[in-house]
Amino acid sequence: MADLVLDCRDLVRRFDSLVAVDGVSFGIGPGETYGLLGPNGAGKTTTISMVAGLLEPSGGTVTVLGQEITPRSTTAKGAIGLVPQDIALYPDLSARENLTFFAKLQGLRGSELATRIDEVLDIVGLADRAGDKIDTYSGGMKRRANIAVGMVHQPTLLILDEPTVGVDPQSRNAILESVDALSTTGMAVLYTTHYMEEAERLCDRIGIIDSGKLIAEGTREELVARLGDSTAVTFRADGPVEAVRGWRDDLSQLRTVSTVQPQEYGATVTCGHASEVVAGAFSAAEKRGVTIGGVDVTAPDLEAVFLSLTGKALRDGS
Amino acid sequence: MSNVLTIGWFETKRYLGDKVALFTTVVMPVLLVVLIGLSFGSTPDRLSIGVLTEDPGPAASEFTQQLESANLDVIDYTSQDDLARDIRLGFITAGLTVPAGFSAAADSPDGQATVTMSIDQTSANGGAIASAIQSAAAQFAEQRNAVRVATNALGTSDPAVADAANTSAQQVIASTGETTVDETTLGALNESDRNGFASAVPTQLTLFVFLNGLLAGMTLVESRRLGVSKRMLATPTGIGPHILGIGLGRWWLGGIQAALLLAIGALLFGVDFGNWGAVAVLAVVWTALAAAVGMLIGSLARTADQVVAISVPLGIGMGMLGGSMWPLSVVPPFMRAIAHATPHAWANDAWIAIIDGGAGVGGIATELLVLSAVTVAMASLAVFFLRRTLSK
Ligand SMILES: Nc1ncnc2c1ncn2[C@@H]1O[C@H](COP(=O)(O)OP(=O)(O)O)[C@@H](O)[C@H]1O
Ligand SMILES: [Mg+2]
């Protein structure tokens, strides 16, 4: 345990009566990329704010490299690089000037400062626009500059809060590639996202967070294995509202079905024996006067894990 | 400490890139100092005097015109009391009364007419004004005489009459009419009519440096809105250094503003500020105070618009109350006491002590102490409130 870069113990944060983070504990080792996966409002940003020493926990502790982090810590924060969810840069200064500013606050000087700035500009692919003001950048470029600032001082722990939200696919890919590249430098990364694919692609270990609670943790394989041989089957179905509702109830009665998630047209079911469930679903539909227009069978993934743990989809509306 | 400097330096850099902000810090106060300095009178080439005309005749108005063409700004008065009061208050340096019967006297054969001049003895411009009035009066008399010569000579080409006109002109010149200026003196009750810039520079400095300091609160609000504040706090930078840094950026900008106003006063308008050490210390403390109040406003306000909405009335209101719009020597004693609830009154007192009383740093120690205490208190409150705002 002493080797952990980040150690969070029983973190709690209340906002009045709302418990935004409810007893979250996890650790990240050196060079490890840890994903905090959860839907909007799950408590990811609140957790990260406590880890970065911006928010006072209502309970629990954060330790980075053995030093406790609170809003009053100063030198200990030098080990952390934070990339906030929203762009936090001076729009009237260039990327290079923003980098210089934050690198200086981190104590970098002279040739080390200049070298590091050039390095991170290269990593995020902004070297040729480094002298331009941030407010002349596209959304994706701003995000990349935002990331560069977080890692300019080579932190031991880099925290990225949903760095790809609202970004065009090209920039998104560039961002994912640069984060992927970091894992080879030995930097520990805490990466939050509500995109299952990003967590699967980047993270060595994933913590699934919902309603302020860390409900499962492990490698992708470990998490999926928790489902047993469970498979997600999505039916597209049409018919009278009452009939469809009744049909969904029938689905939940079928053997090996663990969850039934209503969809706008149909339902998604997690189950042990897909073929048996599909057959059962068709015969139930016929009795109810419901038409099944299509069936989609997906091998278990984190989406299915989330569904089976919470009974709801990771991303609302998609 | 080095983070304070870094933040201060980058704030300055950003500020210098903002042309509008630069205009309000530098160009505006300089323009206002020049305007106010000029209108509170007494540049050597344009002096204002009050004139009370009790005579409705044409000669009286010609006399007034003569004063105006002698480069005197004539302000009309309708009562002797008003005229005397304004001289005492230092709004004007001299007053002329053109008595009833002036026109008749000027037009009489001997042309002997008299006006009464009251003058503030203590004014640096008193002498200049008196001699300007004297020469205007002399010119007026000469003109009347010339008119009389011409009238006498008019209407004939007969050599005999020309002879007569010549004689007549000689007679007229022999009995040259005079417009006499009777001089009395009044002591002014206050110091506001020294070189106009000697009061315009420090009062406008107090007013504008303070106002700009308050508006610096916008920087803090902006820094929060951009998320840069939180990002700074995620580095090894505490809330104290964060505020000090942003305040520092404004502190030295306020210093530049103050230095500019003082330099213009001294070099362009010949104000004698006296002890420059005391001037510098006072200006430095005042700019720090302004920045500290600005940081307090910035830590409480939610938007930049709120900062403006608070700062402008506060800055101008405190300036008015504290003697930056008119000298505290003209307000009743209870108002003077109330005025000292504003830092402006203390600063203005200190300026008067330096410029008029020749005080050094020791002579304004009380004022400096009060102003420094206010600065520390404001900065501490700013840290307290910003910590609260940012932890939400
Ligand atoms: N400053 C705050 N005041 C009150 N409630 C907050 C505050 N910040 C976050 N919350 C609430 O806490 C919950 C978790 O929010 P957040 O950590 O931002 O979620 P996520 O980053 O996973 O989307 C949400 O219900 C959110 O509304
Ligand atoms: Mg968030």
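**A tour from the ligand shell to strand β7**

Start at ligand 1 and select helix α1(A): three residues of the shell around the ligand come from this helix, the largest share. Keep in mind that the model is predicted.

**Stop 1: the ligand shell**

Now show everything around ligand 1. From chain A, the surrounding residues are Phe15(A), Leu18(A), Ala20(A), Pro39(A), Asn40(A), Gly41(A), Ala42(A), Gly43(A), Lys44(A), Thr45(A) and Thr46(A). Add Lys392(B), which also belongs to the shell. Ligand 1 sits between chains A and B.

Next, pick out the polar atoms. Select Gly41(A): a polar backbone atom of this residue is 2.7 Å from an oxygen atom of ligand 1. Move to Ala42(A), where a backbone N or O atom lies 3.2 Å from a ligand oxygen. Then take Thr45(A). Here a polar side-chain atom is 2.7 Å from an oxygen atom of ligand 1.

How much of ligand 1 does the protein bury? Taken alone, the ligand exposes 560 Å², and the protein buries 62% of that. Colour by element to see the contributors: β2 (18-28) and α1 (44-51) of chain A each give two or more residues to the shell.

**Stop 2: the two domains**

Zoom out to chain A. Colour residues 6-224 as domain 1 and residues 229-299 as domain 2. Their centres, taken over C-alpha atoms, are 40 Å apart.

**Stop 3: strand β7**

Select residues 157-161 of chain A, strand β7. Is this strand mostly covered or mostly open? It is mostly covered, with five of its five residues buried. Show the side chains. Leu157(A), Ile159(A) and Asp161(A) point one way, while Leu158(A) and Leu160(A) point the other. Such alternation between the two faces of the sheet is what a regular strand shows.

**Stop 4: the neighbours of β7**

Add strand β6 of chain A, residues 80-83. β6(A) and β7(A) pair in the parallel sense over four bridges. For one of the links, select Val83(A): its bridge partner in β7(A) is Leu160(A).

Now add strand β8 of chain A, residues 188-193. This pairing with β7(A) is parallel as well, over five bridges. Select Asp161(A) and look across to Thr192(A), its bridge partner in β8(A).

Finish with helix α5 of chain A, residues 169-182. Which unit does this helix make with β7(A) and β8(A)? The three elements form a right-handed β-α-β unit. Trace the path from β7(A) through α5(A) to β8(A) to follow it.

Key. Residues are numbered from 1 along each chain as its sequence is written. Chains are lettered from A and ligands numbered from 1 in the order in which they are written. This is a predicted model: local features need pLDDT of at least 70, side-chain atom pairs count only at pLDDT 80 or more; totals for chains, interfaces and linings use all residues. Side-chain values use heavy atoms; hydrogens and water are left out. Buried means under 20% relative accessible area, exposed over 50%, partly exposed in between (1.4 Å probe, protein chains only). Two strands pair if DSSP finds at least two bridges between them. A crossover is right-handed if, with the strands pointing away from the viewer, the path from the first strand over the helix to the second runs clockwise. Domain bounds come from an automatic or database domain assignment. A residue is near a molecule or strand if one of its heavy atoms lies within 4 Å of it. A polar contact is a pair of N or O atoms within 3.5 Å; within protein, one must be able to donate a hydrogen and the other to accept it, and residues adjacent in sequence count only if both atoms are side-chain atoms. Accessible areas come from the Shrake-Rupley method with a 1.4 Å probe; for residues, only the protein chains shown count as cover.
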